[in-house]
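Here is a brief report on aromatic rings and their partners. Please keep the model open as you read.

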Amino acid sequence: MFVSKNFHFLTLILILILVSTMNMFGADSSTVLSETAQVVEPSIFMILPFLILLMLIATGPIFYKHFWERHYPKISILLGLITVVYYLYVLKDSYSILHIFTEYVSFIALLSSLFVASGGILIKVNRKATPFVNVLFLLFGGVIANVIGTTGASMLLIRPFIKMNKDRIKPYHIIFFIFIVSNVGGALTPIGDPPLFIGFLRGVPFFWVFVNVWHIWIPTILAIILAFYFVDKRNKTGQDKITKIDYSGTIEFRGGKNLIYLAGIILAVFIDPNVMSWVPSLSPLPIGIREIIMFGIVYLSYKNAHPDILKANEFDFEPIKEVAYLFIGIFLTMVPALQLISNFAKSNHDLLDTTTFYWATGILSAVLDNTPTYLNFLSAAMGKFYLDVNVQSQVLEFISKDDVFLRAISVSAVFFGAMTYIGNGPNFMVKSISERAGIQMPSFFAYLVKYAIPILLPIYVIVWLIFF
Amino acid sequence: MSTISEILKKKKNGLYYYNRVILPFNGCLLKIIIEDNILTDFSPTSKHIYVKEEDGFMSIYFKEYKHLEEEVSKYEAIKIVIVEKDKDIFDLKNHRKLALYPGENHELKIEATDDDILFIE
């Protein structure tokens, strides 16, 4: 991007200090009790910063690329600050802002640690990239996403996927990679995608997702992979060159020590006071032991990475910085939208059925962060049974009453993250890495209109018709 | 005037000053990737790039950058596809893929991209 590298990270720190301070000395700290604590409903007009940011993210890179690339960090932070000031000084609600900021810090800690740790790993696949080999590769990525998360799998596999297909690569290769590895694949475990992890923290048993979602995951993955196979089969680009190359069929793996860091990140995910009672909470600071470990891994894995591997991966912090800047704005500005949705859902929960939960969670997950969306709709679904999402025993009771709502919310929160570039954190990073490799990726709208809607939407409609 | 092959063989460096890159050979640029920007418009009216051919060397001005050393990080490269002067541009074998690394003292390291570097023409 054309943004100065030494751009103000200080602004982010300023928000952190501002929010933390407001929380500690806030006049009405008694309301800071739980997710469902009573907060004053925000004005409907306060969703404007969020809508403006979404519109700018969608149109900026197309219509005013230069301006956008130079100024997007400032715009994102400024729009976020409007929401912060409104909540702190108009609504006197520091909890909502601190809470979302805490989620943002967790989000960035996870993404940045996976990004840096996987950046020190070099995988070279010396195989002829046929549609069938690509199918196996994507399937492997989809499965492994449940072990190292969609972000970890995306960062680890996108480069070898591009390299393997370098003589025949097209944007659709990257887009299907985003569909499968960066999103849908990770629907089977709480490690796979952040919303499922939040569910796990709230009391959803670890293997509940696997046991209850695998029969939806398999046909969905297969349907997307089948679509990929037929598209890829028609791609005859570079055939002359490929047939002349003598492939050894080997897979070279360098930077094995970074697997230890990746394992450390996955273990750190569980270091949470809600999972392990001995873990101290650092509240009201918007950071926990887990995040400290993850940021520590960012430092160690970068410091100890082999320079040749970093050079081969053209390692640069810019993709993660782009995500950090855009998502601070998205996270902060989406607070009013989420609260309005949550309030609506709670006051109308009798009218909400599985279909509503599936589509509402899905559509909102495509443009909002899927984690709070998941949580708000889980809260609304539990409200149908007068249960509280903040009480673990009640989450279990909710599941035992009728788990179809949780299934619908879990599936759509993960699946629909693939609908747009901003639906899930790794989408943007995969796009950025691909562009740095020289692949001209479709715009925000082109991605949605040419790929996500024609390919994913029919599959998601079928999933809805069959399973919900 | 040195050819690209000679430059690579001798490991001769180019130069860069602020937003200007100086390459010690002449050629026809086909594509430049700098960060996540893919540039292919090298016409005189391009908003992004100005290319100036001089006797024995060529200059590329990145109009939207101020200081390349600040924009292109340690392990990043500016990647170019170029055809050497007087070579057949339509013969794909003549399309050279080069990675340019801004270093210290305005020196620009020039390397042929190997299989490790992700670079799709």
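## Charges over rings

A charge sits over a ring if NZ of Lys or CZ of Arg is within 6 Å of the ring centre and within 35 degrees of the ring normal. Lys431(A) places its charged end over the ring of Tyr421(A), 5.2 Å from the ring's centre. The model is predicted.

Lys311(A) does the like across chains: its charged end sits over the ring of Tyr101(B). Here the distance to the ring centre is 4.7 Å.

## An aromatic cluster

Tyr421(A) also belongs to an aromatic cluster. Its other members are Tyr172(A), Phe176(A), Phe179(A), Phe228(A), Phe428(A) and Tyr447(A).

## A pair between distant helices

Over all chains, the whole structure holds 42 aromatic pairs. One of them joins Phe107(A) and Phe331(A). The pair is tilted, with 45° between the planes and 5.1 Å from centre to centre.

Phe107(A) lies in helix H4 (residues 94–119) of chain A. Phe331(A) lies in helix H13 (residues 318–347) of chain A. The two are 224 residues apart, so the pair links distant parts of the chain. Both Phe107(A) and Phe331(A) are buried.

## A pair between a helix and a loop

Tyr302(A) and Phe315(A) form a tilted pair, 5.6 Å centre to centre, with 40° between the planes. Tyr302(A) is in helix H11 (residues 289–303) of chain A, and Phe315(A) is in the loop between helix H12 (307–312) and H13 of chain A, so the pair ties together parts 13 residues apart in sequence.

Are these two rings' residues buried or partly exposed? Tyr302(A) counts as partly exposed, because its relative accessibility is 27%. Phe315(A) is buried, because its relative accessible area is 2%, and buried means under 20%.

Conventions. Residues are numbered from 1 along each chain as its sequence is written. Chains are lettered from A and ligands numbered from 1 in the order in which they are written. This is a predicted model: local features need pLDDT of at least 70, side-chain atom pairs count only at pLDDT 80 or more; totals for chains, interfaces and linings use all residues. Side-chain values use heavy atoms; hydrogens and water are left out. Rings of Phe, Tyr and Trp (its six-membered ring) pair if their centres lie within 6.5 Å; planes under 30 degrees apart count as stacked, over 60 as edge-to-face and the rest as tilted. Helices (H or I, at least four residues) and strands (E, at least two) are DSSP runs, numbered from the N terminus. Buried means under 20% relative accessible area, exposed over 50%, partly exposed in between (1.4 Å probe, protein chains only).
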